Amino acid sequence: MARTIAIGEQDFGKIIEKDYFYIDKTSFIKEWWENGDTVTLITRPRRFGKTLTLKMVEQFFSVRYAGRSDLFEGLSVWEEETYRKLQGTYPVIFLSFANVKADSYEKAREGMVQEIVDVYDQNAFLLDHEKLTSHEKEAFYKVNESMSDMTAARSLLRLSSLLYKYFGKRVILLLDEYDTPMQEAYVNGYWEELIGFVRGLYHAAFKTNPYLERGMMTGITRVSKESIFSDLNNLAAATLTSRKYETAFGFTEGEVLKALEEFQLLDQAEEARQWYDGFRVGECGSIYNPWSITQFLDNRELKPYWANTSSNRLVTKLIRKSDVSTKLMMEKLLQGNTFSTVMDEEIIYADLDTKKSAMWSLLLAGGYLKALRTVKNRRGKTEYELSLTNREAFSVFDDMVTGWFSNNRISYSDFSDALLAGDIKLMNEYLNDIALETFSYFDTGSQPENFYHGFVLGMIADLRGIYKVLSNRESGDGRYDVLLEPLEPETDDGIILEFKVFHPKKDSRLEDTVRTAIQQIIDKRYAAALAGKCCLERIRIYGFAFRGKEVLIDGGYLSEFEDSGTAGN
């Protein structure tokens with residue numbers, strides 16, 4: 001009989017006690033301990049079991065769980081006597097910043113402080129220790145909701161010293177979701193205020209703490225040392241491209257197959273692989289999303305579950321600010337292509353507004369993209385070949401790209417509907433309304449034609465279920481701007497779009513610019529790309545002319561223009 005799946009349960013002890021569905025990951029304890037790193041940073045996407053793993057580590061080492069061998073008997077870590085003797089022998093400090101999601105510095109600081117105060121409350125038994133001096137007791141009471149920045153910065157260090165004094169052993173310090181407050185700070189505009197507070201706290205707890213036996217932090221991103229760990233040289237980072245702990249987070253293919261067999265879903269193994277496999281960690285190229293697999297086992301329905309686990313606000317903000325070349329690269333990813341780029345897995349928040357590579361780093365860390373391979377180029381920089389992770393990631397990414405130019409007051413699907421219907425009047429009305437409403441928020445830069453190109457691509461993104469959307473590819477005697485190849489050519493038209501920016505030295509009216517765009521489609525034989533893929537009598541062509549916020553669109557069936565001999569008639 002299949003075990004019960006407790007969706008969202010992150011308490012390791014409760015899962016074991018109630019015999020809920022669990023895949024044994026306790027070998028991570030042995031691997032981590034034997035690596036001997038003083039401080040370990042592990043970055044993985046959301047819902048990849050980071051919190052559950054930290055709770056497992058806490059309950060294995062913590063003196064609070066001394067004598068709880070029942071939690072680990074029968075699991076891999078219990079096979080060696082050395083580790084059976086380690087269980088329940090260390091003081092452990094565990095705290096999480098997962099819920100510190102605030103729209104202001106004051107609220108973020110309050111949330112972090114409250115987490116620290118809660119940890120102190122859990123260790124209030126220290127006040128009864130006869131060796132505790134009056135000064136130490138006074139310092140203990142100073143850790144409260146109104147404490148100063150200096151007291152907060154030293155709070156975890158001071159608690160470590162008191163635990164060491166009480167138990168005679170150095171502490172294990174576990175911090176879950178260490179980067180959540182920083183992501184929120186960047187999105188909400190208080191990064192500079194928060195970073196000083198965070199730097200002081202982390203430095204004292206993990207760098208200058210003589211009472212620290214081991215430390216572990218988990219998060220999504222690897223924040224640069226320059227930001228918060230300027231001199232933390234004892235930090236070992238395990239990112240998605242690191243070989244450390246390759247299979248400790250997420251499910252391997254073997255683990256998934258056993259789970260599918262337990263729940264009598266083995267006949268859907270291939271579909272589950274397409275949806276939820278594809279994460280690469282180190283050299284392991286087949287890691288499944290654990291959240292989605294457990295949801296699938298429970299609901300028995302293949303669909304995107306991971307999509308609703310976070311707001312993706314940081315990535316969404318960067319997408320909206322990215323240039324056209326980045327947006328065109330996203331289109332290529334959605335078409336199943338890969339691309340290579342130089343980037344750094346360390347996130348420097350101060351560079352997010354200026355470095356194109358920052359967004360790709362975040363998409364990789366977040367699990368939307370996977371690194372098929374990494375190589376050192378001739379300049380010694382690390383180059384990543386990236387692709388979308390799997391079908392579920394495609395769905396999430398598709399929604400994000402579709403929302404590039406989202407506007408609550410205008411429905412962009414109306415433009416797509418008008419394009420499908422060939423209603424030029426409505427196409428002009430909708431696009432001019434959108435241009436007037438939206439273009440003021442964007443800088444067309446030095447290449448306005450590329451800007452408009454990317455803008456229209458974002459507006460027709462919802463047509464991918466009907467068309468294969470192709471952009472800037474060779475056909476005939478040139479490179480078309482956008483070509484819509486119908487997935488069902490028996491019923492749908494092929495469509496070619498060409499964009500032109502009005503130049504007063506070349507054209508006297510916007511209508512002249514439109515005619516030039518249409519004539520280019522004909523003269524360069526762009527329709528050659530659709531030959532054999534749809535009926536030539538069902539190919540429509542459109543010229544788009546742009547002048548600031550003003551847009552003019554004209555066109556129709558290619559055969560009509562060819563019969564007339566010119567785009568001007």
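Since I'll lean on it right away: pLDDT is the predictor's confidence in each residue, on a scale from 0 to 100. We need that, friends, because what you see on the screen is a predicted model.

So how does the confidence look? The mean pLDDT of the protein is 88, with 89% of the residues at 70 or more. Where does confidence peak, and where does it bottom out? Strand β3, residues 171-176, is the highest, at 98. Helix α11, residues 225-228, is the lowest, at a mean of 67. Please also find residues 405-410, where the pLDDT is below 50. Leaving aside near neighbours in sequence, that stretch still has 17 contacts in the model. A word of caution there: where pLDDT is low, the predicted coordinates should not be read in detail.

Now, let's turn to a helix pair. Helix α2 covers residues 27-35 and helix α3 covers residues 50-61, and their axes come within 10 Å of each other. The crossing angle is roughly 75 degrees. Angles of 65 to 115 degrees count as roughly perpendicular, and α2 and α3 are therefore roughly perpendicular to each other. Which residues meet there? From α2 we have Phe28, Ile29, Trp32 and Trp33, and they meet Thr53, Met56, Val57, Phe60 and Phe61 of α3. By class, that contact has 8 nonpolar residues, 1 polar and no charged ones.

Next stop, helix α9, residues 180-188. Is it mostly covered or mostly open? Mostly covered: 8 of its 9 residues are buried. The buried ones are Thr180, Pro181, Met182, Gln183, Glu184, Ala185, Tyr186 and Val187. Just after α9 comes Gly189, with a positive phi of about 85 degrees.

Last, please scroll along to the sheet. It is an open sheet of 5 strands, in the order β14-β17-β18-β19-β20, and the pairing is mixed. At the edges sit β14 (467-471) and β20 (550-557), each pairing on one side only. From one strand to the next, the twist averages 15 degrees.

Let's zoom in on one edge. β14 and strand β17, residues 482-486, run antiparallel and are joined by 5 bridges. If you'd like a landmark, Val469 has Leu484 in β17 as its bridge partner.

And what lies across the sheet's other strands? Helix α22, residues 510-523, lies across β18 (494-501), β19 (539-547) and β20. Relative to β19, α22 runs at about 145 degrees.

That's my tour; thanks for listening, everyone!

Conventions: Residues are numbered from 1 along each chain as its sequence is written. This is a predicted model: local features need pLDDT of at least 70, side-chain atom pairs count only at pLDDT 80 or more; totals for chains, interfaces and linings use all residues. Side-chain values use heavy atoms; hydrogens and water are left out. Helices (H or I, at least four residues) and strands (E, at least two) are DSSP runs, numbered from the N terminus. Contact means heavy atoms within 4.5 Å. Axes are lines fitted to C-alpha atoms, for helices over the stretch in contact, and angles run from 0 to 180 degrees between N-to-C directions. Angles under 35 degrees count as roughly parallel, over 145 as roughly antiparallel, 65 to 115 as roughly perpendicular and the rest as oblique. Ala, Val, Leu, Ile, Met, Phe, Trp, Tyr, Cys and Pro count as nonpolar, Asp, Glu, Lys and Arg as charged, and the others, Gly among them, as polar. Buried means under 20% relative accessible area, exposed over 50%, partly exposed in between (1.4 Å probe, protein chains only). Two strands pair if DSSP finds at least two bridges between them.
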